[in-house]
Structures are given as structure tokens and as C-alpha cells.
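Colleague: I should like to discuss the side-chain contacts of this model, beginning with a charged residue and its surroundings. Please give the reasoning before each result.

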Amino acid sequence: PGAHTADLVVFGGTGDLSMRKLIPALYHSDRDGRLSHESRVIAMSRGGLTDADFRGKVDAEVRDQVPVDDQAGWERFLGRLHHVSVDVGRDAGRDAGRDAGGADRAGWGALTRLLAGHGQRDRVFYLASPPRTFGPFCRELDEAGLVTPRSRVVLEKPLGHDLPSAQRINDEVGAIFDEHQIFRIDHYLGKETVQNLLVLRFANAFLEPIWNSLWIDHVQITAAETVGTPGRRGYYDHAGALRDMVQNHLLQLLTLTAMEPPARSDREAVRDEKVKVLQALRPITGTEADRFTVRGQYVGADGMPGYLDEPASTPPTEASRRVETFTAIRAEVKNWRWAGVPFYLRTGKRMPYRRSEIVVQFKDVPHSIYPGGAPNRLVLRLQPEEGIQLHIMAKEPGAGEVRLKPVPLSLSFGETFTTRVPEAYERLLTDVLAGNPTLFMRRDEVEAAWRWIDPILHAWESHTELPEPYNAGTTGPAGARELLGRSGRAWHEED
Ligand code: BG6
């Protein structure tokens, strides 16, 4: 595919996500020849920056994150960057949102002038701003006449904070853009191993016949992070691990693991199957939340601060004390293939390792003739290094009694493929430019995910107890181990 000519307008364009993920991804696209020379990136923020200021900021903050082997190429990239000031908080934050007044009309005017005369190009409006701004920004764009048939809108997570707010955002954005123009990002879907999961399942013959409750004992999906939440309390107090990681990233991994083989690899066929999995999730309501979910919050240990002691611009509140930085859930997919197979989900901040993986644990052999066997495990590692391992039992070399040892059949993407693995955001931006939404969440998918999450949120809100404390740098509260332990299972911890 040749280079695309597009104007990308990034709301929240000087924010953390933009500086750490989007701009580097755009630079890579540019460097690899996927963005044509006429393409432009227009950052919108309330920063009051000139184009030159913004280019200076990117030069100072992004240059070290990307391989700049060609100074002229880097400068050409900087030359495509523009900045327009609008007050995200003041105008779009208001419920009315419509009458963004005064100085900010100037911002919309400046954007209109920049885009004028380029109506034939692809236009991407990337909303990396708070979700309450999504509807108002779309209306502003529409009223300014900037939404063309070749426009697309990208929505960053979080998409609302519960089902009603997600529906409202979807309605507001859907009033201006058609569903095929709306790209709801879940950056986990851009990770290489996640796409490889589908290839592994549907381009190989040996797995699918055993990919069911007859052969699989349970599935574990873990996204463990070592980072805490310094400087993020304002967001995190009202998000928590369930909204921040489970509603999107972990449920996406679950759907790809559990979905039926689609008839084609196209956008609707894949997404149709994913929605069916979400709809088959057994609801966890009321007191069931006590049995099937665990909430934790890290406390200071080993020189690391607790959640409540993390640097923040405001002191902790009741919401801070109640928010979960760790959660583990026993989910169930109620359909023919998966009946009775638990899907354990777990995610947390300040855990001892950074690791995202899907572990499929098979059943034990029906009759063992050797002592010391262990069930097979298939481990799909998303990070830190991407790879697939199948743990099988082998005989330890030696004469005498047969001794078993689990050994991994191992595929490391880094060692097998020498081509650079694109970052998730790079891959997804390329798909937005190509108009391919397969790896983006469809409206019904996001809403089905919230429909399962909401009752858990409600159950937690009615709890008087605080989340279980766990020491920073450990694998979470005792409750997480009990969740598996009571059925004789254990989390996959070893490397
Ligand atoms: C984001 C969450 O969506 O994903 C963060 O908001 C989290 O809290 C991040 O740290 C994890 O992404 P990754 O790619 O580092 O696993």
C-alpha cells in the first residue's frame, strides 16, 4: 500500500498519550513511508502554543523516544506539525457545550482555515481528550462544516464510566459520524501477540479441536504492571482497575480467546463473534460479587509508596480509599464450548513484574502411568517480550525410574522475526488511515462489555468494606489466591 495523504487533528494533542504514543507512532509511519509528504498533524490543546512552540516541544520530548537516523527526515516530520488552541476544559466540558464562546471561537476558526481547501483528503479527528468532550467536539466539528465523507473519528478510552454514559457518548458521536467512520481504540488489539492469537487459533489445525471444555480446565488472563499511579489520582480515583483495564483490555483478550471461528477475517465477521462472547458472559450480580471478584489496593512497602501516598495534586479522598488498584474476577462464558470453564481475569498496579499474558491450562491426562505429571499449559505472552510457549511433559534424561519434567516449546517473536515489531498505536493508526476497523471496538461491543461490568460496579459500590490491602511489589491480596485456591488451582507465576 502506498503513502496516505491525511490531515490528523489530535484533541489533547500535547497530552501524555499524544507525546508518548501518538506522535512517536506518526513519526514511524512517516519514516516508513506510510504518510505522504503533504500529510499534516494538527494538535489541539489549550496550551496557547504556536506551531514553532509545538515543534520545539516535540523535538525536546519525542526525539529521544524514536530512532532518528536521518536529521533531514526528522525536521521534515516536525515541519508537518501544527498547533491550534482551544480550551478543552472550559468549553467542551460544559454540558451545553454548544456555545463555546469568546476566545475559543478563534481556535475553531483557525482549524477551519487550516483545513480549508483540503476537503478531498482523508481527515482523522483523534479524540485523546476526556470522554465528556467527545460529544461536544463532534458537534463543534459538524457546525464548523469540517466533517466530510472522508472523515473519521478516533475515540480513546475510557468510553464513559458505565453503560448509560457510554450509550450517551455513542449517541452523541453517532449523531455526527456513521458507525463505519468511528474508530474506538483499545490499544491491546494492536499488540502483535493479540493478532497472533487469532492466527494461531484459526490458521492451524491442531488447536481448535481441543479448544473447549472437554480439554481445557481453565484460562487465566493477567495484565500485571510494576508502575503505580503517580500523578494520575485525579483520573484513577474515579476509574479503578475494573474500568481502566478489565472493561476494555482484559475483556478483549477474553473474547479473542473464547470466540467461535469467524467465516471470514473481515471486520464484521470477527466483531460479530466477539460480541457473542460478551453476551454469553454470566452476569455477576449482588452477593455473587463477593464470591467471584476480589478488589485490592496497594499499600507502601519496600520503599514504594502506597496508593494513598502517591504524589498527587490533591489529598486523598473517600473515593481514593475505595478505589481498587488490583482486581481479580472469575468469569464464565455460558455457551456450549465453554460451559464450566472458569476464565480468571487479574490486573494490578505495583505488582512484582510487568507481564501481560493469556494462559490456557489443559486438563490433566485421564490416567497417569508416571508420578509427578502436570497439565499442559499454553502461554501467550503479550509483554514484556512477545511469544508463545506450550509447556509439555518430557522425560528427564537418565537411566532408572522415569522422571517427568515440564519443558516449554517456545516461540519468541523477537528471535524468530528480525523485522521491527510496530507499536500497537502505530498499527492501529495505520488501520485508521486505511479505513479498516477490524481491530477497533464496535458500538455494540463496548456496550456489551459495560453491560457485564456495571452490576459488578454496583455491587462494589454497596460494599462498606474497603479493598483488601496488598503490599506494593507483591502479587495482590490474599483473596486473589483464594479465588483459584478454593478449586485447587493457582495463578501462573513462574517465568
Ligand atoms: C492503559 C491504562 O489503557 O493501559 C493504564 O489506562 C495502563 O493504566 C496501560 O497502564 C497499560 O498499557 P500497556 O500497553 O503498558 O500494557
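Colleague: Is Asp-69 buried or exposed?

Modeller: In this predicted model, the relative accessibility of Asp-69 is 59%. The cut-off for the exposed class is over 50%. Asp-69 therefore counts as exposed.

Colleague: Which side chain meets Asp-69 in a salt bridge, and which parts of the chain does the pair tie together?

Modeller: Asp-69 lies in the loop between helix 2 (51-61) and helix 3, whereas its partner lies in helix 1, so the pair ties together parts that are 38 residues apart in sequence. The partner counts as partly exposed, at 31% relative accessibility. The N to O distance of this salt bridge is 2.6 Å, and the side chain that meets Asp-69 is Arg-31.

Colleague: Which residue forms a salt bridge with Arg-76, and how many residues apart are the two?

Modeller: The closest N and O atoms are 3.8 Å apart, and the partner of Arg-76 is Asp-30. Arg-76 is in helix 3 and Asp-30 in helix 1, so that the pair links distant parts of the chain, 46 residues apart.

Colleague: Why does Asp-30 count as buried and Arg-76 as partly exposed?

Modeller: Buried means under 20% relative accessible area, and partly exposed lies between that value and 50%. Asp-30 counts as buried because its relative accessibility is 4%. Arg-76 is partly exposed because its relative accessible area is 37%.

Colleague: Why is the pair of Tyr-27 and Phe-77 classed as edge-to-face?

Modeller: A pair of aromatic rings is described by the distance of the centres and the angle of the planes. The centres of the Tyr-27 and Phe-77 rings are 5.4 Å apart. Planes over 60 degrees apart count as edge-to-face. The pair is edge-to-face because the planes stand at 70°.

Colleague: Which helices does this aromatic pair tie together, and are its residues buried or exposed?

Modeller: Tyr-27 lies in helix 1 (residues 16-31) and Phe-77 in helix 3 (residues 71-79), so the pair ties together parts that are 50 residues apart in sequence. Both Tyr-27 and Phe-77 are buried.

Colleague: Which tyrosine ring has the charged end of Lys-191 over it?

Modeller: The charged end of Lys-191 lies 4.7 Å from the centre of the ring in question. That ring belongs to Tyr-188.

Colleague: How many salt bridges does the structure hold?

Modeller: One of them joins Arg-355 and Glu-357, with the closest N and O atoms 3.9 Å apart. Glu-268, Arg-271, Asp-272, Arg-442 and Asp-444 are linked in a network of such bridges. For the structure, the number of salt bridges is 40.

Definitions and conventions:
Residues are numbered from 1 along each chain as its sequence is written. This is a predicted model: local features need pLDDT of at least 70, side-chain atom pairs count only at pLDDT 80 or more; totals for chains, interfaces and linings use all residues. Side-chain values use heavy atoms; hydrogens and water are left out. Rings of Phe, Tyr and Trp (its six-membered ring) pair if their centres lie within 6.5 Å; planes under 30 degrees apart count as stacked, over 60 as edge-to-face and the rest as tilted. Helices (H or I, at least four residues) and strands (E, at least two) are DSSP runs, numbered from the N terminus. Buried means under 20% relative accessible area, exposed over 50%, partly exposed in between (1.4 Å probe, protein chains only). A charge sits over a ring if NZ of Lys or CZ of Arg is within 6 Å of the ring centre and within 35 degrees of the ring normal. A salt bridge is a side-chain nitrogen of Lys or Arg within 4 Å of a carboxyl oxygen of Asp or Glu.
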